[in-house]
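The following exchange asks, for a reader new to this structure, how each descriptive term is justified. Please keep the model in view while reading.

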Amino acid sequence: MLTRRSLVTAGAGLALTSSGAFRASAAGIDLPAALPEGARSNAVLDSLPGKKPLIKLSYRPPNYETPLEYFRTAITPNDAFFVRYHLSNIPEVDIKTWKIVVGGEGANGQAEFTFDDLKRLPAAELVAVNMCSGNRRGLFQPHVPGVEWSYGAMGCARWKGARLKDLLDKVGLKKEAIEIVFDGADSGVTDKTPDFIKSIPTWKAIEDTTLVAYEMNGAPLPHLNGFPARLIVPGWTGTYWMKHLTSIKPVTKPESGFWMNPAYRIPLGKFPLVARFTSQETAVNTPITEMVVNSLITNPTDGANVKMGPITVGGIAWDGGYGISTVEVSNDGGKTWVPATLGEDLGRFAFRTFSYNLSPKARGKQTVMARAINKIGQTQTTELIHNPAGYHHNVVHSVTFNVA
Amino acid sequence: MRTLIIALAAALIAIPAVAQEKPVELKKAPGLDKVEGNCSGCHSLDYIVMNSPYPNATLWDAEVTKMIKAFGAPISDADAKVIADYLKKNYGS
């Protein structure tokens, strides 16, 4: 193993030799004023290999968010899809030697799947939102520590892969198997750093929509989005969507690693969630599960100057997989709300676009707000539900622009 | 030197994201050498800038403790104190 000192020295050498290849610019980033001052000053547009310029929050591990302009369509392009890692050791996976090992004390047997094995299983396809649990953490007041994301730690893609339950069927689950545990090829720099290991309840793992995906929008997964295969857990936040998947382990006892507890916890009873992860619940908190209903206005942008005349207010809405039923728009500070027109329905896990034609009556500053309502009647909050880790920010989005 | 070459080669293989990394310049103040020497082995220093200047002294202490206790950073007690003091003075509220 590397010593810390030699790694630091090596890191410094690399930074020097690579500085010429650095491509970044502070121009063109328009981040919300609500972010921590340091988050705003620190962010730059930067291109990772195979990616368009994204908003860099941290270089190593790489945490890059998608600029707002890419959310004007329901599908987010692969080369603009956000990048989120917890740990810095991210190996390029060799597809010839890569395999997923399925087995453990909650399984009747063990099996290995190569990339070709995976592709030979019946293929399933669905469109689903992948959103970091901490998306919009940077907007929390008071601020909480972590990656200080703005609106762009999310994306929506068409995923193709094998159903997880088909892999599990090959080994057979014991009836006591309560969770399925996942590991990927990435790891920490020192072996003392807890490896990023996550579990989901067996009921969620065996749903038809939980996939081991090897295609994203018709192409192989980009390296930094989990090549060659990642877990797709539609409706649930990105923390469970294990990248570079290498291990699937059914267990009869709750997974107890750092990344399940204390990490990724929400206080019990604060959020109107349906999906529960009961084997992990404590008296005070529970793992984050499904996404809360949410929406984002993508046109006009905050602070924009627009010409007097009709304006198309546009955006996207999504939830934890119940489906969007209505998006409403207000231009009087939330006193009255008018239904927007919904765009194409790409399925209950996808971004749903919306639009609303607004005709401003006067010049000057105007504010529009949008709120989504899902098919089980949940809607967004007007006040932040504060929690220590900065999750589930679904405060109604408000955009102020100038009509000239 | 041999150690360095091996480490360099290993780092190139293990951490491709590093190749994109621009050095992050933190405020020049007492303790910066300990911050650079201890923190940047596992993560880029923009994590500090991004999480500033809102943390109070208690929060910066908690973050340093988290890096050692939860993430296993091999930082001595003496260095941990210097690092926490630097963060509080230069990136705290």
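Q: What makes E18-E20-E24-E23 of chain A an open sheet, and which are its edge strands?
A: The four strands follow one another in that order with antiparallel pairing, where two strands pair if DSSP finds at least two bridges between them. Strand E18 (294–299) and strand E23 (341–342) of chain A are the edge strands, since each pairs on one side only. Strands (E, at least two residues) and helices (H or I, at least four) are DSSP runs, numbered from the N terminus. This is a predicted model, in which local features need pLDDT of at least 70 and side-chain atom pairs count only at pLDDT 80 or more, while totals for chains, interfaces and linings use all residues. Residues are numbered from 1 along each chain as its sequence is written, and chains are lettered from A and ligands numbered from 1 in the order in which they are written.

Q: How do you know that E18(A) and strand E20 (residues 311–318) of chain A pair?
A: Five bridges join them in the antiparallel sense, and the definition asks for at least two. In this pairing, Asn299(A) stands opposite Gly314(A) in E20(A).

Q: What are the partners of strand E3 (residues 54–58) of chain A?
A: Strand E2 (residues 44–46) of chain A pairs with E3(A) over three bridges, antiparallel. Strand E4 (residues 63–65) of chain A also pairs with E3(A) over three bridges in the antiparallel sense. Lys56(A) takes part in both pairings: Val44(A) stands opposite Lys56(A), and Tyr64(A) is the bridge partner of Lys56(A) in E4(A). E3(A) and E4(A) form a hairpin with four residues between them.

Q: Why is Gln380(A) called buried?
A: A residue is buried if 20 or more other C-beta atoms, placed from the backbone, lie within 10 Å of its own, exposed if 12 or fewer, and partly exposed in between. Gln380(A) has 22 such neighbours inside 10 Å, and therefore counts as buried. Gln380(A) lies in the loop between strand E25 (364–374) and strand E26 (397–403) of chain A. Its contacts (C-beta atoms within 7 Å) include Val293(A), Arg371(A) and Val396(A).

Q: What makes the buried residues of helix H4 (residues 164–171) of chain A lie on the same side?
A: Those residues are Leu164(A), Leu167(A) and Leu168(A). They cover an arc of only 95° around the axis, which puts them on the same side of H4(A); the arc is that of the directions from the helix axis to the C-beta atoms. An α-helix has 3.6 residues a turn, so residues three or four places apart point the same way. The buried residues of H4(A) pack against several elements of chain A, including strand E9 (154–163) and strand E12 (211–216).

Q: How do you know that the length of helix H5 (residues 77–91) of chain B agrees with expectation?
A: The expected span is 1.5 Å times one less than the number of residues. For the 15 residues of H5(B) this should give 21 Å, and the end C-alpha atoms are 20 Å apart, which agrees.

Q: Why are the buried residues of H5(B) said to line one face?
A: Ile83(B), Ala84(B), Tyr86(B), Leu87(B) and Tyr91(B) are the buried residues of H5(B). They fall within an arc of 160° seen down the axis, so they line one face of the helix. On the other side, Asp77(B) and Ala78(B) are exposed. Among the elements covering the buried residues of H5(B) is helix H2 (37–42) of chain A.

Key:
Two residues are in contact if their C-beta atoms, placed from the backbone, lie within 7 Å.
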